[in-house]
Amino acid sequence: MFQPDLLKNTVALITGGGTGICRGIALAFAAHGCDVAITSRKIEHLEPTRDELRARGVRAFAKAADVRDPAAVNDAVAAVVTELGRIDILVNGAAGNFICLAEHLSPNGFGTVVDIDLKGTFNVSKAALPHLKARGGSVINISATLPYLGTMGQSHAAAAKAGIDSLTRTLACEWGPLGIRVNGIAPGPIEGTEGVTRLTNEKSRAGAIAQCPLGRLGTVDDIANASLYLASGAASYVNGVTLVVDGGLWLRSARILGE
Ligand code: COA
């Protein structure tokens with residue numbers, strides 16, 4: 001049965017929350033009564049989503065911060081608490097990616113993606129910890145299915161996402177006793193997002209649809225609904241899990257024998 005207001009009287013901080021999957025998560029949380037703070041590198045990516053959130057009747061706050069910069073992250077977290085009073089839910093969604101074979105990738109290119117995705121997840125989680133601890137809370141780390149197989153052109157992102165999944169499991173153990181659940185979501189290709197636009201072409205999208213047991217790409221709502229579940233009391237005994245939301249696509253990436 002549909003339950004309204006799953007997140008009433010809570011505050012969420014969502015990095016990368018201005019656009020794409022994380023914008024969808026922000027709107028879904030707001031629809032369930034959650035006040036939402038969003039961050040990303042550029043304030044102009046945040047303001048339209050902040051205004052959309054406010055139009056839905058919740059308190060919303062936007063602050064530019066690069067997750068690679070621990071001082072900026074600390075400032076942003078402090079500003080969120082000043083504006084919205086607390087942090088109950090953290091979604092680590094800020095990410096950067098491009099396709100490049102390892103042979104052509106510079107050390108700085110590899111390190112930049114690890115810095116944004118993996119170290120950024122650590123930086124924001126650590127900065128938010130005192131506030132999550134105050135009342136108990138939930139962390140959701142957005143990773144990917146890239147590291148499950150040898151995804152070519154993604155040595156940087158796959159390593160970073162594998163690291164995030166590892167961090168999810170470790171923090172679930174360290175922070176569970178503090179009343180904080182730490183979980184992840186590994187989305188498949190999600191239609192209409194910058195990631196799919198930038199990282200795929202018509203042929204690879206058609207290939208993904210053909211391979212996917214459910215015969216389609218994912219939607220932003222698919223990920224938003226999974227986030228809603230993990231953030232809410234409905235998942236109160238779920239900790240340390242990375243939920244794959246890809247229609248079973250990665251399982252079919254191996255070819256049928258004889259095909
Ligand atoms: N192929 C190979 N190397 C690349 C690259 C590409 N497409 N894009 C960036 N790099 C390398 C740069 O060459 C640089 O390394 P170098 O100093 O050895 O030359 C390093 O990565 C840092 O790049 P830079 O552009 O200075 O970093 P940035 O912090 O401004 O941005 C990203 C890094 C990853 C965020 C950038 O690619 C970007 O802005 N992407 C668009 C947004 C995005 O990724 N969204 C996520 C969904 S796909």
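Start by selecting Arg-68 and the ligand in this predicted model: a polar atom in the Arg-68 side chain sits 2.8 Å from an oxygen atom of the ligand.

Next, click on Ser-106. An N or O atom of the Ser-106 side chain lies 2.5 Å from a ligand oxygen. Then add Arg-198, where a side-chain N or O atom is 3.3 Å from a nitrogen atom of the ligand. With these contacts on screen, try showing the surface: on its own the ligand has 910 Å² of accessible area, and the protein covers 58% of it.

Now widen the selection to the whole shell. You should find 15 residues surrounding the ligand, with Arg-68, Asn-97, Ser-106, Asn-108 and Gly-109 the closest. Colour them by class and you will see 7 polar, 4 nonpolar and 4 charged residues.

Which elements give two or more residues to this shell? They are helix H4, residues 107-135, and helix H6, residues 194-199. Highlight H4 on its own for a moment, since you are looking at the largest share of the shell there, 4 residues.

For the last stop, leave the ligand and select helix H5, residues 155-175, which holds Asp-165. Is Asp-165 buried or exposed? Asp-165 is buried, and it has no salt bridge. Pick Arg-169 to see the nearest side chain of opposite charge, 5.4 Å away from Asp-165; a salt bridge would need a side-chain nitrogen within 4 Å of a carboxyl oxygen. Finally, bring up Ser-143: its side chain and that of Asp-165 are joined by a polar contact of 2.6 Å.

Terms used:
Residues numbered from 1 in each chain as written. Predicted model: local features only at pLDDT ≥ 70, side-chain atom pairs only at ≥ 80, totals over all residues. Heavy atoms only, no water. Near = heavy atom within 4 Å. Polar contact = N/O pair within 3.5 Å; in protein donor to acceptor, adjacent residues only side chain to side chain. Areas by Shrake-Rupley, 256 points an atom, 1.4 Å probe, with all protein chains shown as cover. Nonpolar A, V, L, I, M, F, W, Y, C, P; charged D, E, K, R; others polar. Buried < 20%, exposed > 50% of the residue type's maximum accessible area, 1.4 Å probe, protein only. Lys, Arg positive; Asp, Glu negative; His and termini not counted.
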